[in-house]
Amino acid sequence: MSPEATTLAILALAVVAFVSNRVPLGIVAIGVSVSLWLTGILELDDALAGFGDPTVIFIATLFVVGEALDSTGVTAWAGEQLLVRGGEGRARLLVVVCLLVAVLTALISVNGAVAALIPVVVVVAARAGMPPSQMLMPLAFSAHAGSMLALTGTPVNIIVSNAAQDAGARPFAFLEFALAGIPLLTGALVIIVVFGRRLLPHRTPESLPQDLGDLTDALRAQYALPEGTDLVGATRGVTEVVVAPRSPLIGQHLFAGMATPSGDLVVLAVQRSGDELEGPDERLRAGDTLLLSGSWDKLQEHTSGGGEVLVVDDPARLRRGVPLGRGARRAVAVLAGMVVLLATGIVPSAIAGLFAACAVVLTGVLTPTQAYRAVSWTTVVLVGGMIPLSTAFTTTGTADLIAGRLLDVVGSASPHLALLALCLITMLLGQLISNTATVLIMTPIGAVVALDLGASPLPFMMALGISGAASFLTPVATPANTMILEPGGYRFGDYWKLGLPLLLLFLAVAVLWVPVVWGF
């Protein structure tokens, strides 16, 4: 087989594996890199170069910064503002929700913003008398539009920016994406507000995310705590645990108001089978429940592992629901510093991200362990493994071959037609496989098409970025789409009804508006 045919065969197998959903994304990406080496398409260094690529490093650092904002309650504070400012009118509420998630997405990525706001939006919908299905899909789809407001909105933006530079042009500036993102977000808001009620289902899911306010009320009632007892705050929190079998706590005498054996936590209440455990002779047994109070750090330390207790409500999860907790100001300051570095271009984006990731650890916002856990290694491995395929498309001439066939079909007279064809292919693949992988495949083809037409790579790269963000038609197109499936009570066929008008909007902006701003 020729190098071009081999590269296309590897691509075809990868697409089949992606679509089947039976092989983990990271394994597919690693398989691509290894296959390119085994078949002799790339040397070993080139086949593994993606894992050390600055793009991959920058993407990893964004997960750490996003975790800092999330774990310190910055995103919870933003959600609280939503409750205060959203009002009760459907249109106003939707606009506030969509604008909030768009701004958050621009700073901490689509998945992080959607994951942080799903519980908040469910509560907002309930209080406004709306089913969550009327708000969660607008939340996810607005996040996709918001991802085009800044370089940090999605890994796709970083990929197309670097691809533009590799193609002989320049990288996109930090806020340059907003020239396309603002029209996209504006159009998406109009479609959602005007047509959303008819295009979205009216369903109530079987289960809803836990509301922190409801949980604390339930704990006060369960343990008969005095009205107004403050259970959670910026520095101190509460958690409910069950004494585990074979726990060293079995046989000990604990009562309300007493410190735990470590001295770090206070027992607020002790129950057995729903009844208060009282009396000087009562000793703990396996299955007894304890309500513990203390600093968030100590709660996490004494309830994570060790086998003493089984945690009912993870302190780390509860802590995220406390607005502007400990370290919030430091996290915001680090984010602001990173944005300044990215906007001014003083240092490369990967270096700015590394500075920010190190800063949140050095300032005590996150521990090193939390920082490592914050990284979505699936995304990192996916991008790192697929970058060599993009390289193979260029070095083997496969991109030239596909670009030539495409231009044979659409002709070379109009770059708009070539751009339209590239965007349609990208949007189609992006509904079936990772939009990040799709854009990595399409950028070398777009660069060759631009070169063959004697056009600038900039409009082609920006249009591919927009097309990659237009992942609206299926729940498997992006993790954000999948996240809302259960809490929204959605079905597979619900997505395309609102998704199709939005996809057409993105296509129009990519093909008609982008060449106006970034000329051919």
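**Second largest pocket.** I began with the lining of the second largest pocket in this predicted model. I listed 38 lining residues, and L25, S434, A477, T478 and P479 lie nearest the centre. For the volume of this pocket I noted about 790 Å³. I then looked up which helices contribute to the lining. At least two lining residues come from each of α1 (3–20), α4 (54–71), α7 (110–127), α9 (155–166), α17 (377–395), α20 (435–453), α21 (457–469) and α22 (479–483). By residue class I recorded 21 nonpolar and 17 polar residues in the lining, and no charged ones.

**Salt bridges.** I searched the whole structure for salt bridges and found six.

I looked up D494 and R203 among them; their closest N and O atoms are 2.5 Å apart. This pair joins distant parts of the chain, with the two positions 291 residues apart in numbering: D494 lies in the loop between α22 and α23 (495–517), and R203 lies in the loop between α10 (178–199) and α11 (212–222). I noted both D494 and R203 as buried.

For R170 and E176, I recorded a salt bridge with the closest N and O atoms 2.8 Å apart. Is R170 buried or exposed? I entered R170 as partly exposed, because its relative accessibility is 36%. E176 has a relative accessibility of 12% and therefore counts as buried, the limit being under 20%.

I next examined D264 and K298, whose closest N and O atoms are 4.0 Å apart. This pair also links distant parts of the chain: D264 is in the loop between β1 (236–243) and β2, K298 is in helix α12 (residues 296–303), and they are 34 residues apart. I found D264 partly exposed at 29% relative accessibility; K298 is partly exposed with a relative accessible area of 29%. I also noted that D264, K298 and E301 are linked in a network of salt bridges.

**Sheet.** I traced an open sheet of five strands, ordered β3-β2-β4-β1-β5, with antiparallel pairing. Its edge strands are β3 (275–276) and β5 (309–311), each of which pairs on one side only. I followed the pairing of β2 (residues 266–272) with β4 (residues 289–295), which is antiparallel and runs over five bridges. Which residue of β4 is the bridge partner of V266? I identified S293.

**Cysteines.** My search of the whole structure for disulfides returned zero. I checked the accessibility of two cysteines. C98 has a relative accessible area of 0% and is therefore buried. C358 has a relative accessible area of 45%, so I entered C358 as partly exposed.

Key. Residues numbered from 1 in each chain as written. Predicted model: local features only at pLDDT ≥ 70, side-chain atom pairs only at ≥ 80, totals over all residues. Heavy atoms only, no water. Disulfide = S-S within 2.5 Å. Buried < 20%, exposed > 50% of the residue type's maximum accessible area, 1.4 Å probe, protein only. Pairing = 2+ DSSP bridges. Helix = DSSP H or I, 4+ residues; strand = E, 2+ residues; numbered from the N terminus. 1 Å grid on protein atoms, 1.4 Å probe; cavity = no way out; pocket = protein on both sides within 12 Å on 5 of 7 lines; lining within 4 Å. Points joined across faces, edges and corners; volume = space filled by probe spheres on them. Nonpolar A, V, L, I, M, F, W, Y, C, P; charged D, E, K, R; others polar. Salt bridge = Lys/Arg side-chain N within 4 Å of Asp/Glu carboxyl O.
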